[in-house]
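Biologist: Hello! Could you show me the model, and then we can talk through it together?

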Amino acid sequence: MLTEIDVSQLADAFPMSMRTNAVEAGKVVHGLLDPRQWAKQVSLLVGGEKILVPRRLRYSEAQSASSNDGRIAQMAACLQTQSSNGFDRQRALRSLLPAVQPWSAPFVVTLIGEYVVEIIEDIAGATTPSNVDAMISFISENCDYWELTKQRVASYWNAYYRHKYTKLNYPGFQLVRTLETSLRARAA
């Protein structure tokens, strides 16, 4: 159902300890959104705290959110990874990949389970130890969501990419194997 989304709902995508910055990032993004949205949110955990990540935000036009504050700009980029436009998602993701933070990891991991292989390749290419650590910390708190993400990887491979990639060389499966290996190593 189409409805309005407000700044507070956008800020709910981040831990409460970041509320001031989250509200500012929400204001930046809110100004770029179409007035009416499909207001679906996904409930996840970050550091034991519940967050509500909006899904498929519709922007008025393709543009990057700008802010003078680096953290606010990064938080706005997190929200832009949920754009209905794949190019916008990829552009926003690329600004997050140099240093994935615990609070940005949900937005990165979500994109692993999507159908745009170029986005998955970007994530796979940015699997530095610190990025992987942030992602597996998120994954370990959100096991059910990770299982759903892995199912999406398999489903999109089957629907769109099985003619081009085997299960061994599909970037989504490679990324899942990398993260699963790190999860097992952390548990050991």
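Modeller: Gladly, and one term comes first: buried means under 20% relative accessible area, exposed means over 50%, and partly exposed lies in between, with a 1.4 Å probe and protein chains only. This is a predicted model, where local features need pLDDT of at least 70, side-chain atom pairs count only at pLDDT 80 or more, and totals for chains, interfaces and linings use all residues. Residues are numbered from 1 along each chain as its sequence is written, and side-chain values use heavy atoms, with hydrogens and water left out.

Biologist: Thanks! Is A134 buried or exposed?

Modeller: A134 is found in helix α7, residues 129-141. Its relative accessible area is 8%, and the limit for the lowest class is under 20%. A134 therefore counts as buried.

Biologist: Which residues does A134 touch, not counting residues up to four places away in sequence?

Modeller: A contact means heavy atoms within 4.5 Å. The C-alpha atoms of A134 and V100 are separated by 6.4 Å, although the two are 34 residues apart along the chain. With residues up to four places away not counted, A134 touches V100, Q101, P102 and A105.

Biologist: Let us step back to the whole chain. In what order do its elements run from the N terminus on?

Modeller: Helices (H or I, at least four residues) and strands (E, at least two) are DSSP runs, numbered from the N terminus. The chain has nine helices and four strands. From the N terminus on, the order is β-α-α-β-β-β-α-α-α-α-α-α-α.

Biologist: What radius of gyration does the chain have?

Modeller: The radius is taken over C-alpha atoms, and the globule rule is 2.2 Å times the number of residues to the power 0.38. The C-alpha atoms fill a box of roughly 45 × 35 × 30 Å along the principal axes. For 188 residues the rule puts a compact globule near 16 Å, which agrees with the chain's own value of 16 Å.

Biologist: What share of the contacts between residues at least 6 apart in sequence joins residues at least 24 apart?

Modeller: As background, buried residues make up 47% of the 188 residues in the chain. Of the contacts between residues at least 6 apart in sequence, the share joining residues at least 24 apart is 69%.

Biologist: Which residues have the most contacts inside the largest nonpolar core?

Modeller: A nonpolar core is a set of buried Ala, Val, Leu, Ile, Met, Phe, Trp, Tyr and Cys residues joined through side-chain atoms within 4.5 Å. The largest one has 60 residues. One of its best-connected members, L179, is in contact with I112, V132, M135, I136, I139 and W146, leaving aside neighbours within four places in sequence. Those with the most contacts inside the core are F14, L79, I123, Y170 and L179.

Biologist: How many residues of helix α5 are buried?

Modeller: Helix α5 spans residues 105-112 and is mostly covered. The buried residues there are A105, P106, F107, V108, V109, T110, L111 and I112. That makes eight of its eight residues.

Biologist: And what covers the buried residues of α3?

Modeller: Helix α3 covers residues 70-80, and its buried residues are I72, M75, A76, A77, C78, L79 and Q80. Their cover includes α1 (7-11), α2 (19-30), β4 (49-54), α4 (86-96) and α5.

Biologist: Moving past α5, which residues is G113 in contact with, leaving aside neighbours within four places in sequence?

Modeller: G113 lies in the loop between α5 and α6 (117-124), and at 5% relative accessibility it counts as buried. Its C-alpha atom is separated by 9.0 Å from that of W146, 33 residues apart along the chain. Leaving aside neighbours within four places, the contacts of G113 are T149, R152, V153 and Y156.

Biologist: Which residues does D122 touch, not counting residues up to four places away in sequence?

Modeller: The place of D122 is in helix α6. D122 is buried, with a relative accessible area of 18%. Residues up to four places away aside, D122 touches Q90, L93, R94 and L97.

Biologist: What is the phi of R56, roughly?

Modeller: R56 sits in the loop between β4 and α3 and is partly exposed, with a relative accessible area of 25%. Most residues other than glycine have a negative phi. R56 is not a glycine, yet its phi is positive, at about 50°.
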